[in-house]
Amino acid sequence: VQLVESGGGLVQRGGSLRVSCAASGSIYRVNDMAWYRQAPGKQREFVASITTGGSTNYADSVKGRFTISRDNDKNTVYLQMNSLKPEDTAVYYCNALVEVTLTFNEYAYWGQGTQVTVSS
């Protein structure tokens, strides 16, 4: 199973970006999906998550500015980021709980990360 992120980049304070993450491979079902981020010199932190049914959860630091969504048919999760601040600068990682084919065991997978930089 692979998670491939896209959509990062450089944006000015107050701007918007959307990052995407597509899961592919030996997938029976993709369950919870989430975004995390890691800024230089800091630990990786939770940003947002979404269940297969669409229930969402957000870190307090991004509530009201970021929106997580998913397309279950495409096994893809999105993170729409608005009103971006310099402190949002980080590598954003996708995480997914995936039931794999054959065994139907559930494993956690991570993407390679995509850089988001917000200039002041």
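Two strands count as paired here if DSSP finds at least two bridges between them. In this predicted model, strand 7 and strand 8 (residues 76-81) meet that mark with 6 bridges, running antiparallel. One spot to look at along this pairing is D71, which sits across from T76 in strand 8.

Both strands belong to an open sheet of 4 strands, laid out in the order 1-3-8-7 and paired in the antiparallel sense. The edges are taken by strand 1 (2-6) and strand 7 (66-71); each has a single partner strand, so one side of each is left without a neighbour in the sheet. On average, and ignoring direction, neighbouring strands of this sheet are turned by 15° against each other.

Next comes strand 11, which spans residues 114-119. Strand 2 (residues 9-12) runs parallel to strand 11, and 4 bridges join the two. Within strand 11, the residue opposite L10 is T117. Strand 9 (residues 90-100) also bridges to strand 11, this time antiparallel and through 3 bridges. Here A90 has V116 of strand 11 as its bridge partner.

What about the faces of strand 11? T114, V116 and V118 make up the covered face, while Q115, T117 and S119 make up the uncovered one. In a regular strand, side chains alternate between the two faces of the sheet. Put together with the pairings, V116, the bridge partner of A90, lies on the covered face, whereas T117, the residue opposite L10, lies on the uncovered face.

Then there are the aromatics. Searching the whole structure turns up 4 aromatic pairs. In one of them, Y107 and Y109 have ring centres 6.4 Å apart and planes at 70°; the pair is edge-to-face because planes over 60 degrees apart are classed that way. Y107 has a relative accessibility of 39%, so this residue counts as partly exposed, a class that runs between 20% and 50%. Elsewhere in the list of rings, Y36, F46 and W110 are linked into a cluster by ring pairs.

W110 also has a charge to deal with: the charged end of R44 sits over the W110 ring, 4.7 Å from its centre. The charged end of R44 sits over the ring of Y93 as well, and there the distance to the ring centre is 3.7 Å. R44 thus ties in with the aromatic part of the picture through W110, itself a member of the cluster with Y36 and F46.

Note on methods:
Residues numbered from 1 in each chain as written. Predicted model: local features only at pLDDT ≥ 70, side-chain atom pairs only at ≥ 80, totals over all residues. Heavy atoms only, no water. Phe/Tyr/Trp six-rings, centres within 6.5 Å; stacked < 30°, edge-to-face > 60°. Buried < 20%, exposed > 50% of the residue type's maximum accessible area, 1.4 Å probe, protein only. Lys NZ or Arg CZ within 6 Å of the ring centre and 35° of its normal. Axes fitted to C-alpha atoms, helices over the stretch in contact; angles between N-to-C directions.
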